[in-house]
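Let's take a friendly walk through this protein together. The structure comes up just below, so keep it open while you read.

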Amino acid sequence: MRTEIILLVDERLHVREAVARPYLEAGARVEALTNSAQATEFLALVRPDWILVGEKQADELLLWLRVHETRVDVPVVLLPDLPLAA
């Protein structure tokens with residue numbers, strides 16, 4: 001069985017850790033990055049199965065995906081920027 005690749009983009013470390021944990025425990029590969037610039041560098045090399053992105057990083061990342069045909073069909077899940085305790 002192939003390992004799913006998940007790109008997680010959020011500037012908050014505690015959010016990246018909390019969101020990544022269940023996917024890692026399920027056996028997925030999670031690439032947890034802090035901003036859309038890092039994400040687009042990753043996307044230029046790797047086609048993930050899913051993208052989970054925080055609201056603050058979503059606009060730039062979605063614009064990049066729109067113009068890159070080989071990545072435009074990757075499902076994107078928006079992570080709301082809710083106030084969470086650190």
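Let's begin with Ile5, which counts as buried because its relative accessibility is 15%, under the 20% cut-off for that class. Bear in mind throughout that this is a predicted model. Ile5 belongs to strand β1. Leaving aside residues up to four places away in sequence, Ile5 touches Arg29, Phe42, Val46, Pro48, Asp49 and Trp50. Two of these partners, Phe42 and Asp49, will come up again as we go.

Asp49 sits in the loop between α2 and β3. Is this loop residue buried or exposed? With a relative accessible area of 15%, Asp49 is buried. Its contacts, again not counting residues up to four places away in sequence, are Arg2, Thr3, Glu4, Ile5, Val74 and Pro75.

Now for helix α2, which spans residues 36-45. Its buried residues are Ser36, Ala39, Thr40, Phe42 and Leu43. Why can they be said to share one side of the helix? They lie on the same side of α2 because the arc they cover around the axis is only 160 degrees. As a general point, an α-helix has 3.6 residues a turn, so residues three or four places apart point the same way. The other side of α2 carries the exposed residues Glu41, Ala44 and Leu45. What covers the buried residues of α2? The cover includes β1 (5-9), β2 (29-33), β3 (50-54) and α3 (55-67).

Ala37 is also part of helix α2. This residue is partly exposed, because its relative accessible area is 40%, and that class lies between the 20% and 50% cut-offs.

Three pairs of residues give a feel for how sequence separation and distance in space go together in this fold. The distances run from C-alpha to C-alpha.

| Pair | Apart in sequence | C-alpha distance |
|---|---|---|
| Ala37 and Glu60 | 23 residues | 8.4 Å |
| Asp49 and Val76 | 27 residues | 9.3 Å |
| Ile5 and Val77 | 72 residues | 14 Å |

Stepping back, how many helices and strands does the protein have? There are 3 helices and 4 strands, and along the sequence they follow the pattern β-α-β-α-β-α-β. Among contacts between residues at least 6 apart in sequence, 66% join residues at least 24 apart.

What about the overall dimensions? A compact globule of 86 residues would have a radius of gyration near 12 Å, and the protein agrees, because its own value is 12 Å. Taken along the principal axes, the C-alpha atoms fill a box of roughly 40 × 35 × 15 Å.

Of the 86 residues, 38% count as buried; Ile5 and Asp49 are among them. The protein exposes about 5,500 Å², and carbon and sulfur atoms supply 57% of that area. As for charge, there are 9 positive and 14 negative side chains, and the centres of the two sets lie 2 Å apart.

To tie the pieces together, look again at Ile5 in the structure: this residue of β1 touches Phe42 as well as Asp49. Phe42 is one of the buried residues of α2, while Asp49 is in the loop between α2 and β3.

Technical notes:
Residues are numbered from 1 along each chain as its sequence is written. This is a predicted model: local features need pLDDT of at least 70, side-chain atom pairs count only at pLDDT 80 or more; totals for chains, interfaces and linings use all residues. Side-chain values use heavy atoms; hydrogens and water are left out. Helices (H or I, at least four residues) and strands (E, at least two) are DSSP runs, numbered from the N terminus. Buried means under 20% relative accessible area, exposed over 50%, partly exposed in between (1.4 Å probe, protein chains only). The radius of gyration is taken over C-alpha atoms; the globule rule is 2.2 Å times the number of residues to the power 0.38. Contact means heavy atoms within 4.5 Å. Accessible areas come from the Shrake-Rupley method with a 1.4 Å probe; for residues, only the protein chains shown count as cover. Lys and Arg count as positive and Asp and Glu as negative; His and the chain ends are not counted. The place of a charge is taken as NZ of Lys, CZ of Arg, CG of Asp or CD of Glu. The arc is that of the directions from the helix axis to the C-beta atoms.
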